[in-house]
Amino acid sequence: MPSVKETIQDKEVGLIDVLDVILDKGVAIKGDLVISIAGVDLVYLDLRVLISSVETLVQSYEENNKEITSEKLDEERRAIENATGKAGKWRD
Amino acid sequence: MGRISEAKERVIDMKKKIYLYGFIPSEELDKASLPEHEGFDETEDIFTLPVDSITAIVSQLDPDAYTEEVIEDKINNDLDWLQKKAYHHHEILMLLNQRYTAIPLSFCTIYNNEESLLETISIQAADLLDTFKEITGKEEWNLKIFYDEKKLKKQVHENNPVIKQKQEELKELSPGKQFFERKKIDKLAAKKMEKELNDRCGKIHDELAAMAVQADIKKTLGKDATGRKDNMSWNSVYLLEDSEVEGFVAEVMKIEKKLGESGLNMEATGPWPVYHFSSLAKA
């Protein structure tokens, strides 16, 4: 029987989790090379592209697909309502 | 039983730069030697660089191929490279963390040559030894809490009397006015939701922090970064005594179960190399 600890350890760790820790500021010692990552946030922004490719490999987000679709629909519906100023018969 | 091949002694080329992964206590190498592994540049392997009781884990880099400009450019523009190298860095640190008491360093900590690194080690030796003591027998764990915006919004709309009443009043307005009024209500609801999230996550954090030697709250990451559909509302890190880890994880599971369909979703990961809690910069 795996312990609870093992089940958590076995979870996939995404690139963003890794970057979130290895780019952490509070590290012990600095090197000679000063590498300024202009904006970690900028790196993060571009990661979206990367994450989608990881996704297809890991296929761990598969189950969320349905939710995404209905959320998208709601978003579009709201946009139409906002544009027309009229509420449709569907609500969130 | 398969034997893990050991990292070979390296002939150090003084012209080469040194990529530094982290430090371990030299004596721990007697019990478990460093396994052979490809370095930051695929043409070089990782190796040990001992300075008395402290051993640096490093690999060599071609000085012309790894300049500040080149690396900066790669980090910012070459995502395949970033992904590959970030995972490599992490992999080595995980390997060290599983075998030794390891002080992990930040991604792309690079020295111009061996001499420069050795000098740094001797200057910082006392602090490094202190840090070994502080992190021995401890693990670093991360917690991220995500929330389903739609679900939480709905809860706030249903449970907040002010918002509920305003929504009732909405029905009597013309469609045009409704549009602006709805915007106002949304803004108010967003505020209430933020407070609600902070309260709920803060409570969870306090509970878990009580089991930790140290705890810290980190910046949350946006959807663009996580690539997830739900939002991050909490990002924190805990330093735990080994003996507390099972209890901590059990508590995480318990809270997770309790959250159920509330719209909040916890994700604990660990043990991580002690990136966050091995800072030598003492307050």
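This report describes strands, helices and their contacts in a predicted model.

**Chain A**

Chain A contains four helices and zero strands. Read from the N terminus, the order of elements in chain A is α-α-α-α. Of its 92 residues, 16% count as buried. The remaining sections deal with chain B.

**The strands around β1 and β3 of chain B**

Strand β1 of chain B covers residues 17–25, and eight of its nine residues are buried, which leaves the strand mostly covered. Strand β3 of chain B spans residues 54–61; it is largely enclosed by the rest of the structure because seven of its eight residues are buried. The two strands, β1(B) and β3(B), are paired antiparallel through eight bridges. Within this pairing, B:Phe23 lies opposite B:Ala56 and B:Pro25 lies opposite B:Ile54.

Strand β3(B) also pairs with strand β2 of chain B, residues 47–51, by five bridges in the antiparallel sense. Here B:Leu49 is the residue opposite B:Ala56. B:Ala56 of β3(B) thus stands opposite B:Phe23 and opposite B:Leu49. Strands β2(B) and β3(B) form a hairpin with two residues between them, and B:Asp52 in this hairpin has a positive phi near 55°.

Strand β1(B) has further antiparallel partners. Two bridges connect it to strand β5 of chain B, residues 110–111, where B:Tyr19 faces B:Ile110. Two bridges likewise connect β1(B) to strand β4 of chain B, residues 103–104, and in that pairing B:Gly22 has B:Pro104 as its bridge partner.

The strand pairs of chain B for which bridges are given are set out below.

| Strand pair | Bridges | Sense | Residues opposite each other |
|---|---|---|---|
| β1(B) and β3(B) | eight | antiparallel | B:Phe23 and B:Ala56 |
| β2(B) and β3(B) | five | antiparallel | B:Leu49 and B:Ala56 |
| β1(B) and β5(B) | two | antiparallel | B:Tyr19 and B:Ile110 |
| β1(B) and β4(B) | two | antiparallel | B:Gly22 and B:Pro104 |
| β6(B) and β8(B) | ten | antiparallel | B:Trp141 and B:Tyr238 |

**The four-stranded sheet of chain B**

Four strands of chain B form an open sheet in the order β7-β8-β6-β9, with antiparallel pairing. Its edges are β7 (214–217) and β9 (264–272) of chain B, each of which pairs on one side only. From one strand to the next, the twist averages 20°. Strands β6 (residues 138–147) and β8 (residues 231–241) of chain B run antiparallel and are joined by ten bridges. Across this pairing, B:Trp141 has B:Tyr238 in β8(B) as its bridge partner.

Two helices of chain B pack on the sheet. Helix α7, residues 175–209 of chain B, touches β6, β7, β8 and β9 of chain B, and its direction makes about 10° with that of β8(B). Helix α9, residues 242–259 of chain B, touches β6, β8 and β9 of chain B; the angle between its direction and that of β9(B) is about 165°.

**The nonpolar core**

The largest nonpolar core holds 73 residues. Those with the most contacts inside it are B:Leu20, B:Tyr21, B:Ile57, B:Val58, B:Leu96 and B:Tyr238. Which residues does B:Tyr238 contact, leaving aside its neighbours within four places in sequence? They are B:Trp141, B:Leu208, B:Ala209, B:Ala212 and B:Ala215. B:Trp141 is thus a contact of B:Tyr238 as well as its bridge partner.

**Helices α5, α6 and α7 of chain B**

Helix α6 of chain B, residues 161–170, packs against α7(B) at an angle of about 170°, and the axes are 10 Å apart. An angle over 145 degrees counts as roughly antiparallel, so α6(B) is roughly antiparallel to α7(B). From α6(B), the residues in the contact are B:Ile163, B:Lys166, B:Gln167 and B:Leu170. They meet B:Gln178, B:Glu181, B:Arg182, B:Ile185, B:Leu188, B:Ala189 and B:Lys192 in α7(B). By type, the residues of this contact are five nonpolar, two polar and four charged.

B:Lys153 belongs to helix α5 of chain B, residues 149–159. Is B:Lys153 buried or partly exposed? It has 18 C-beta neighbours inside 10 Å and therefore counts as partly exposed; a buried residue needs 20 or more. Apart from residues up to four places away in sequence, B:Lys153 touches B:Ala189 and B:Met193. B:Ala189 also takes part in the contact of α7(B) with α6(B). Between B:Lys153 and B:Glu194 the C-alpha to C-alpha distance is 10.0 Å, with a separation of 41 residues in sequence.

Note on methods: Residues are numbered from 1 along each chain as its sequence is written. Chains are lettered from A and ligands numbered from 1 in the order in which they are written. This is a predicted model: local features need pLDDT of at least 70, side-chain atom pairs count only at pLDDT 80 or more; totals for chains, interfaces and linings use all residues. Two strands pair if DSSP finds at least two bridges between them. Axes are lines fitted to C-alpha atoms, for helices over the stretch in contact, and angles run from 0 to 180 degrees between N-to-C directions. Two residues are in contact if their C-beta atoms, placed from the backbone, lie within 7 Å. A nonpolar core is a set of buried Ala, Val, Leu, Ile, Met, Phe, Trp, Tyr and Cys residues joined through C-beta atoms within 7 Å. A residue is buried if 20 or more other C-beta atoms lie within 10 Å of its own, exposed if 12 or fewer, and partly exposed in between; C-beta atoms are placed from the backbone. Angles under 35 degrees count as roughly parallel, over 145 as roughly antiparallel, 65 to 115 as roughly perpendicular and the rest as oblique. Ala, Val, Leu, Ile, Met, Phe, Trp, Tyr, Cys and Pro count as nonpolar, Asp, Glu, Lys and Arg as charged, and the others, Gly among them, as polar.
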